[in-house]
Amino acid sequence: MTEVGTNYGGALYELAAAEELSEEILGQLQALSKSFAEEPAFVKLLCAHSLSKTERCRILDDSFAGKVHPYVLNFLKILTEKGYMRQFPDCCKAYLVRYHKDNNILPVTAVTAVALSPEQAARLKEKLEKLTEKTVELTNRMDPNVLGGVRLDFDGKSIDDTLAHRLESVRNLLNNTIL
């Protein structure tokens, strides 16, 4: 995350949390982030120096007034006026990190060769919640290179119980064995 993202996203989170709007604003930020990723030309327009700041803010008003919370609209205007609109994804990440921390949520990605069944996902989530004493937000990502087993990615850490990792461990053990 960039410093701009951390500072601005964190500031928006503090405001939203103080007003008990953190969940509502999170949903709106996620929807906007998805929309901006699908339409990068819109963000490019908001960064165009050929338009005045007033014109760019008018575009935001025309597009989002009455559709998003005024805090979100004003946040977009501030980013546009400061020339930081390209940092919006980092602001969203910073906001989400603060939201997760304050709400005791641990995002975990389970990397598997095939999709986890709903029952497997529920059991894994339950087990992780008992171990971490946090609410686990589990996502499943498929990677054909995994072959079998599961790798859990969370908090910048990885717990690897994949077949490839086990085979690598056996290979290292055999290579280091002196006969």
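Visitor: Why is Asp-153 called partly exposed?
Guide: Asp-153 has a relative accessible area of 21%. Buried means under 20%, exposed means over 50%, and partly exposed is in between (1.4 Å probe, protein chains only). So 21% makes Asp-153 partly exposed.

Visitor: What kind of model is this, and how are residues numbered?
Guide: This is a predicted model: local features need pLDDT of at least 70, side-chain atom pairs count only at pLDDT 80 or more, and totals for chains, interfaces and linings use all residues. Residues are numbered from 1 along each chain as its sequence is written, and side-chain values use heavy atoms, with hydrogens and water left out.

Visitor: What makes Arg-151 and Asp-153 a salt bridge?
Guide: Their side chains meet at 3.2 Å, N to O. A salt bridge needs a side-chain nitrogen of Lys or Arg within 4 Å of a carboxyl oxygen of Asp or Glu, so this pair qualifies.

Visitor: How many salt bridges does the structure hold?
Guide: Five. One of them joins Glu-14 and Arg-98, with the closest N and O atoms 3.4 Å apart. That pair links distant parts of the chain: Glu-14 sits in helix 1, Arg-98 in helix 6, 84 residues apart. Helices (H or I, at least four residues) and strands (E, at least two) are DSSP runs, numbered from the N terminus. Glu-14 is partly exposed at 48%, and Arg-98 is partly exposed at 28%.

Visitor: Which residue forms a salt bridge with Lys-77?
Guide: Asp-61 does, with closest N and O atoms 2.8 Å apart. Lys-77 lies in helix 5 and Asp-61 in helix 4, so the pair ties together parts 16 residues apart in sequence.

Visitor: Why does Lys-77 count as buried or exposed?
Guide: Its relative accessibility is 19%. That is under 20%, so Lys-77 counts as buried. Its partner Asp-61, at 28%, is partly exposed.

Visitor: How do you know that Asp-143 has no salt bridge?
Guide: The nearest side chain of opposite charge is Arg-141, 4.5 Å away. Lys and Arg count as positive, Asp and Glu as negative; His and the chain ends are not counted. The limit is 4 Å, so 4.5 Å fails. Asp-143 is buried all the same. It lies in the loop between strand 2 and strand 3.

Visitor: What does Asp-143 contact, leaving aside its neighbours within four places in sequence?
Guide: Val-111, Thr-112 and Ala-113. Contact means heavy atoms within 4.5 Å.

Visitor: Is His-69 buried or exposed?
Guide: Its relative accessible area is 16%, so His-69 is buried. It lies in the loop between helix 4 and helix 5. Beyond residues up to four places away in sequence, His-69 touches Leu-21, Glu-24, Ile-25 and Gln-28.

Visitor: Why is His-100 called buried?
Guide: Its relative accessible area is 8%, which is under 20%, so the word fits. His-100 is found in helix 6.

Visitor: What is notable about the phi of Asn-104 and of Glu-133?
Guide: Most residues other than glycine have a negative phi. Asn-104 has a positive phi of about 55° although it is not a glycine. Glu-133 is not a glycine either, and has a positive phi of about 60°. Asn-104 is in the loop between helix 6 and strand 1. Glu-133 is in the loop between helix 7 and strand 2.

Visitor: Why is Glu-133 called exposed?
Guide: Its relative accessible area is 65%. That is over 50%, so Glu-133 is exposed. Asn-104, at 36%, is partly exposed.
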